[in-house]
Amino acid sequence: MFKQLRTLLKKVINEAAESGSNDTTSMHLAMASLLCEVSGADHQSDEREDSAKLQLLVKLLDISEEQAQQLLLEAVAKSKASTSLYEFTTKLRALMPNERYDLIEAMWAVAYADGIIEPMEEAVIRQVSDLIYLDHLEFIRAKLAAAPKHQ
């Protein structure tokens with residue numbers, strides 16, 4: 001019995017090690033999908049939000065604009081097919097606290113892009129923040145950091 005258990009554990013560990021790059025790809029897709037969830041929360045398409053998603057992915061993930069566009073194409077489809085935010089957030093709990101904060105700030109930036117924070121957009125961001133274990137103080141700090149600066 002112990003031999004079978006040891007064999008099973010070795011197999012799981014080896015599979016996890018081999019899927020390292022796959023993990024990054026799925027995390028990037030999850031992040032992009034969450035940005036799509038925010039922009040789609042009000043059921044309206046807006047060019048400013050689409051542009052914000054693209055630029056934020058480039059900055060957040062340190063990828064090219066072309067890679068971000070491809071990622072967004074996949075993310076839009078994934079977001080439309082999803083039944084809950086949980087399928088995206090479970091992957092993102094492994095992020096460092098500063099990375100979780102950056103994601104929530106990016107989600108706020110998408111929500112602010114069209115000049116109006118819809119209640120559903122805020123609800124999505126709040127739920128994601130809770131699901132990835134971001135402290136409420138950090139949630140508020142990200143909201144304030146992403147808010148447009150008035151002169």
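## Notebook: aromatic rings and charged pairs

**Entry 1, W108.** I started at W108. Its relative accessibility is 0%, so W108 counts as buried. I note here that I am working from a predicted model.

**Entry 2, the partner of W108.** I looked up aromatic pairs next. The structure holds two of them. In one, the ring centres of W108 and Y112 lie 6.1 Å apart, with the planes at 35°, so I logged this pair as tilted. The cut-offs explain the label: stacked needs planes under 30 degrees apart and edge-to-face needs over 60, so the rest is tilted. Where do W108 and Y112 lie? Both are in helix α6, which covers residues 97-112. They are four residues apart, about one turn of the helix. I checked the cover on Y112 too. Y112 has a relative accessible area of 17% and is buried. The limit for buried is under 20%, so Y112 falls inside it.

**Entry 3, the cluster.** I asked which residues form one aromatic cluster with W108. They are Y112 and F139.

**Entry 4, a charge over a ring.** I then turned to Y101. The charged end of R141 sits over the Y101 ring. The distance to the ring centre is 4.0 Å.

**Entry 5, salt bridges.** Side chains of opposite charge can pair when their charged atoms come close. How many salt bridges did I find? The count comes to five. I wrote up three of them, beginning with helix α7.

R126 and E122 meet through their side chains in a salt bridge, 3.1 Å from N to O. Both lie in helix α7, residues 119-131. The spacing is four residues, about one turn of the helix. R126 is partly exposed, at 33% relative accessible area.

E122 also forms a salt bridge with K143. The closest N and O atoms are 3.6 Å apart there. This pair links distant parts of the chain, with E122 in helix α7 and K143 in helix α8 (residues 136-146). The two are 21 residues apart. K143 has a relative accessible area of 21%, and I logged it as partly exposed. Buried would need under 20%, so K143 stays outside that class. Together, E122, R126 and K143 are linked in a network of salt bridges.

**Entry 6, D46.** Next I went to the loop between α2 (20-40) and α3 (47-61), where D46 sits. Is D46 buried or exposed? It is buried, at 16% relative accessibility. D46 forms a salt bridge with R48, and the closest N and O atoms are 2.8 Å apart. R48 is partly exposed, with a relative accessible area of 48%. The D46 side chain also reaches the backbone nitrogen of R48, at 2.7 Å. I therefore have two entries for D46 against R48, one a salt bridge and one a contact to the backbone.

**Entry 7, the whole chain.** I finished with the overall figures. The protein has eight helices and zero strands. From the N terminus on, its elements run α-α-α-α-α-α-α-α. Of its 151 residues, 38% count as buried. I looked at contacts between residues at least 6 apart in sequence, and 72% of these join residues at least 24 apart. The protein exposes about 9,500 Å². Carbon and sulfur atoms supply 56% of that area.

Conventions:
Residues numbered from 1 in each chain as written. Predicted model: local features only at pLDDT ≥ 70, side-chain atom pairs only at ≥ 80, totals over all residues. Heavy atoms only, no water. Buried < 20%, exposed > 50% of the residue type's maximum accessible area, 1.4 Å probe, protein only. Contact = heavy atoms within 4.5 Å. Areas by Shrake-Rupley, 256 points an atom, 1.4 Å probe, with all protein chains shown as cover. Phe/Tyr/Trp six-rings, centres within 6.5 Å; stacked < 30°, edge-to-face > 60°. Lys NZ or Arg CZ within 6 Å of the ring centre and 35° of its normal. Salt bridge = Lys/Arg side-chain N within 4 Å of Asp/Glu carboxyl O. Polar contact = N/O pair within 3.5 Å; in protein donor to acceptor, adjacent residues only side chain to side chain.
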